[in-house]
Amino acid sequence: MSHHQTIRFSVNLSYEQYLKVYQGIAKTISVVSDDGRHVVFPAGNIQPFLTKQGINGHFEMELTPLHKFIGIKKIG
């Protein structure tokens, strides 16, 4: 039986840094997960968490066993 995979990571992006997504300069976010893996994902996946201060916090991403994106939530 296959289980979903979760990846936990922190993000600290200023509003100006995230603006590069809207400007077409950046399309992905690259982070190092809590367990040391380098993870790259579409910037739009984390857009719901954008505030005037940017995107800051600890997040958990859920993936299928085949690494397909399911969702992301802020955990801290």
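The exercises below, each with a worked solution, concern the fold, the charges and one loop residue of a predicted model.

Residues are numbered from 1 along each chain as its sequence is written, and side-chain values use heavy atoms, with hydrogens and water left out. Because the model is predicted, local features need pLDDT of at least 70 and side-chain atom pairs count only at pLDDT 80 or more, whereas totals for chains, interfaces and linings use all residues.

**Exercise 1. Overall fold**

Determine which elements the protein contains, in what order they run, and how its radius of gyration stands against the globule rule.

Step 1. The protein has one helix and five strands, where helices (H or I, at least four residues) and strands (E, at least two) are DSSP runs, numbered from the N terminus.

Step 2. Read from the N terminus, the order of these elements is β-α-β-β-β-β.

Step 3. The radius of gyration is 13 Å, close to the 11 Å that the globule rule gives for 76 residues, so the protein is as compact as a globular protein of that length. The radius is taken over C-alpha atoms, and the rule is 2.2 Å times the number of residues to the power 0.38.

Step 4. Along the principal axes, the C-alpha atoms fill a box of roughly 45 × 25 × 20 Å.

Step 5. Of the 76 residues, 30% count as buried; buried means under 20% relative accessible area, exposed over 50%, and partly exposed in between (1.4 Å probe, protein chains only).

Step 6. Among contacts (heavy atoms within 4.5 Å) between residues at least 6 apart in sequence, 55% join residues at least 24 apart.

**Exercise 2. Salt bridges**

Find how many salt bridges a search of the whole structure gives, and work out which residues are joined into one network.

Step 1. The search finds three salt bridges, each being a side-chain nitrogen of Lys or Arg within 4 Å of a carboxyl oxygen of Asp or Glu.

Step 2. One of them pairs arginine 8 with glutamate 60, with the closest N and O atoms 2.6 Å apart. This pair links distant parts of the chain, since arginine 8 lies in strand β1 (residues 5-13) and glutamate 60 in strand β4 (residues 55-63), 52 residues apart.

Step 3. Glutamate 60 also forms a salt bridge with lysine 73, the closest N and O atoms being 3.6 Å apart. Here lysine 73 belongs to strand β5 (residues 69-74), and the two residues are 13 residues apart.

Step 4. Through shared partners, salt bridges join Arg8, Glu60 and Lys73 into one network. Glutamate 60 counts as buried at 12% relative accessibility, while arginine 8 is partly exposed at 43% and lysine 73 is partly exposed at 45%.

Step 5. The side chains of arginine 37 and aspartate 35 meet in another salt bridge, at 3.0 Å from N to O. In this pair, arginine 37 is partly exposed with a relative accessible area of 33%, and aspartate 35 counts as exposed at 53%.

**Exercise 3. Alanine 26**

Establish where alanine 26 is placed and with which residues it is in contact, leaving aside its neighbours within four places in sequence.

Step 1. Alanine 26 sits in the loop between α1 (15-22) and β2 (28-32).

Step 2. With a relative accessible area of 24%, alanine 26 is partly exposed.

Step 3. Once the neighbours within four places in sequence are set aside, alanine 26 is in contact with Lys20 and Val21.

Step 4. Alanine 26 and phenylalanine 69 are 43 residues apart in sequence and 19 Å apart in space, C-alpha to C-alpha.
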